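Here is a walk through one protein chain, written for someone who would rather be at the bench. Have the sequence and the structure open while you read.

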Amino acid sequence: MIRGHGGNIDEAARIAGCRPADIVDMSSNVNPLGPPPGLLQHLRDRLQALQALPEADAAGCCRAFARRHRFDADAVAAANGTTRFIHDLPRALGARRALILAPSYADYADACAAAGIEVEALPLSADEGFVPDPEEMDRRLCRVDMAFICNPNNPTGVRLPQQTLAEICRAHPKVRFVIDESYLPFCRDAAQGMAGRALPNVLVLNSLSKVFRIPGLRIGFLIGPPGLLAPVRRYALPWSVNSLAQVAVEFLMRPSADLDAFVEETRRWVSAERARIGTRLAASRPLQVFPSSTVFSLIRLPKTATAVDVARQLLESRILIRNCGNFAGLSERYIRISLKQAEENNRLVDRLLAAVGTEAPTGAFGQNGDDPT
């Protein structure tokens, strides 16, 4: 298991000599506006659910998710977070060699290593904006029988167009594709995901943790053709989705204009705030902010700075960011920041620019809108 995932506020607080509640966690990619209104009260009112075992196979969660997204229930599986599926899939599918982008989420490679499966890495170039080269991707897919693709990708924020991704999957019918759409709900056209395309060689990961800001409940779904899901179900553990998580799914998957409005407001806000903060950081020159389609942004530091030093200086101000030096394909010059409320984002900009020896530019606020991705 990789050390250095985002979100370890307890360790950060110990180092900073403060309470965990004092840490501004900009290392964990969750909704700055969440959880949605009413969810926490719904959970408080149903704490008695902890006194009984949850539904063993979480079938109710699967039915609720399927109704909400208009899938057949037998095309959905649930687990205690998408991580469970990521680690089950290489063994369940009997894979021999898997393609993984570099950089991308480290658990894909960890899961393959645990299953004894070789990894074919597809290096992504910063000079090309971390967009995969189609021809190189095609060549490497001919050498594997499984592929993990995070879309939008973590930590780069790059999103491949859905039509392009679908064409890639169709062109390689013998490859089982695992498309991780954990961060897709933050995108304005999130409905255009791979989950609704029903391709015979594609499984799609969906997380409720990010957009609804409930990572501690561990709720993940896997969508795909029943025949491809069948071997994965054999690895399912009973009572994998805990009682409160099932209660949360009941709330989040019911038809609700308020929930729909919350998600839509999240998308608008993230798009505008990401552009606003990106504009200010980009004006500083030494920092390179890569275009992103989601709630986080990857930043390359100047040659005079390292992620370790910058993260340490920010933590002195009780701001936790993601040092990306342990991502395959990145160096100690890369960090990732995840948006929080505007005031906290402003403080991050000031402290980050001070850490790299640059004064905060003035007059750079107020330009809202989407970035080019």
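## Surface and charge

About 16,600 Å² of the chain is exposed, and carbon and sulfur atoms supply 50% of that area. Keep in mind that this is a predicted model. As for what is tucked away, buried residues make up 55% of the 373 residues in the chain.

On the charge side, there are 44 positive and 40 negative charges in the chain, and their mean positions sit 1 Å apart.

## Overall build

How many helices and strands are there? The chain has twelve helices and 13 strands. Lined up along the principal axes, the C-alpha atoms fill a box of roughly 55 × 55 × 35 Å.

The radius of gyration is 20 Å, which agrees with the value near 21 Å that a compact globule of 373 residues would have. Contacts tell you about the fold too: take those with a separation of 6 or more, and 74% of them are between residues 24 or more positions apart.

## Salt bridges across the chain

Searching the whole structure turns up 22 salt bridges. One of them pairs the side chains of Glu120 and Arg97, with 2.6 Å from N to O. This pair ties together distant parts of the chain: Glu120 is in strand E4 (residues 118-123) and Arg97 is in strand E3 (residues 97-102), 23 residues apart.

Are the two partners buried or exposed? Glu120 has a relative accessible area of 5%, so it counts as buried. Arg97, at 23% relative accessibility, is partly exposed; the cut-off for buried is under 20%, so Arg97 falls outside that class.

## Salt bridges along helix H10

Helix H10 (residues 257-282) holds both Glu264 and Arg267, which are three residues apart, about one turn of the helix. Their side chains meet in a salt bridge with an N to O distance of 3.6 Å. Glu264 is partly exposed at 30% relative accessibility, whereas Arg267 is buried, with a relative accessible area of 16%.

The next pair is Glu265 and Arg268, whose side chains form a salt bridge at 2.9 Å, N to O. These residues also both lie in helix H10, three residues apart, about one turn of the helix. Here Glu265 is partly exposed, with a relative accessible area of 34%, and Arg268 is partly exposed as well, at 39%. Elsewhere, salt bridges that share partners join Arg97, Glu118, Glu120, Glu136, Arg139, Arg140 and Arg143 into one network.

## The loop between E7 and E8

Now for a loop worth clicking on. Ser209 is found between strand E7 (202-207) and strand E8 (220-223). Is Ser209 buried or exposed? With a relative accessible area of 3%, Ser209 is buried. What does Ser209 touch, leaving aside its neighbours within four places in sequence? Its contacts are Val30, Ile214, Pro215, Arg218 and Ile219. If you want a distance to check on screen, Ser209 and His69 are 17 Å apart in space, C-alpha to C-alpha, and 140 residues apart in sequence.

Arg218, one of those contacts of Ser209, lies in the loop between E7 and E8 too. Arg218 has phi near 60°, a positive value in a residue other than glycine. At 31% relative accessibility, Arg218 is partly exposed.

## Other backbone details

Arg318 also has a positive phi in a residue other than glycine, near 65°. You will find Arg318 in the loop between helix H11 (307-316) and strand E11 (319-320), and at 34% relative accessibility it is partly exposed.

Where are the cis peptide bonds to look at? One joins Ala102 and Pro103, with omega about 10°. Pro103 is placed in the loop between E3 and helix H5 (106-114). Another cis bond runs from Asn151 to Pro152, with omega near 5°. Pro152 sits in the loop between strand E5 (146-150) and helix H7 (162-171).

Terms used. Residues are numbered from 1 along each chain as its sequence is written. This is a predicted model: local features need pLDDT of at least 70, side-chain atom pairs count only at pLDDT 80 or more; totals for chains, interfaces and linings use all residues. Side-chain values use heavy atoms; hydrogens and water are left out. A salt bridge is a side-chain nitrogen of Lys or Arg within 4 Å of a carboxyl oxygen of Asp or Glu. Helices (H or I, at least four residues) and strands (E, at least two) are DSSP runs, numbered from the N terminus. Buried means under 20% relative accessible area, exposed over 50%, partly exposed in between (1.4 Å probe, protein chains only). The radius of gyration is taken over C-alpha atoms; the globule rule is 2.2 Å times the number of residues to the power 0.38. Contact means heavy atoms within 4.5 Å. Accessible areas come from the Shrake-Rupley method with a 1.4 Å probe; for residues, only the protein chains shown count as cover. Lys and Arg count as positive and Asp and Glu as negative; His and the chain ends are not counted. The place of a charge is taken as NZ of Lys, CZ of Arg, CG of Asp or CD of Glu.
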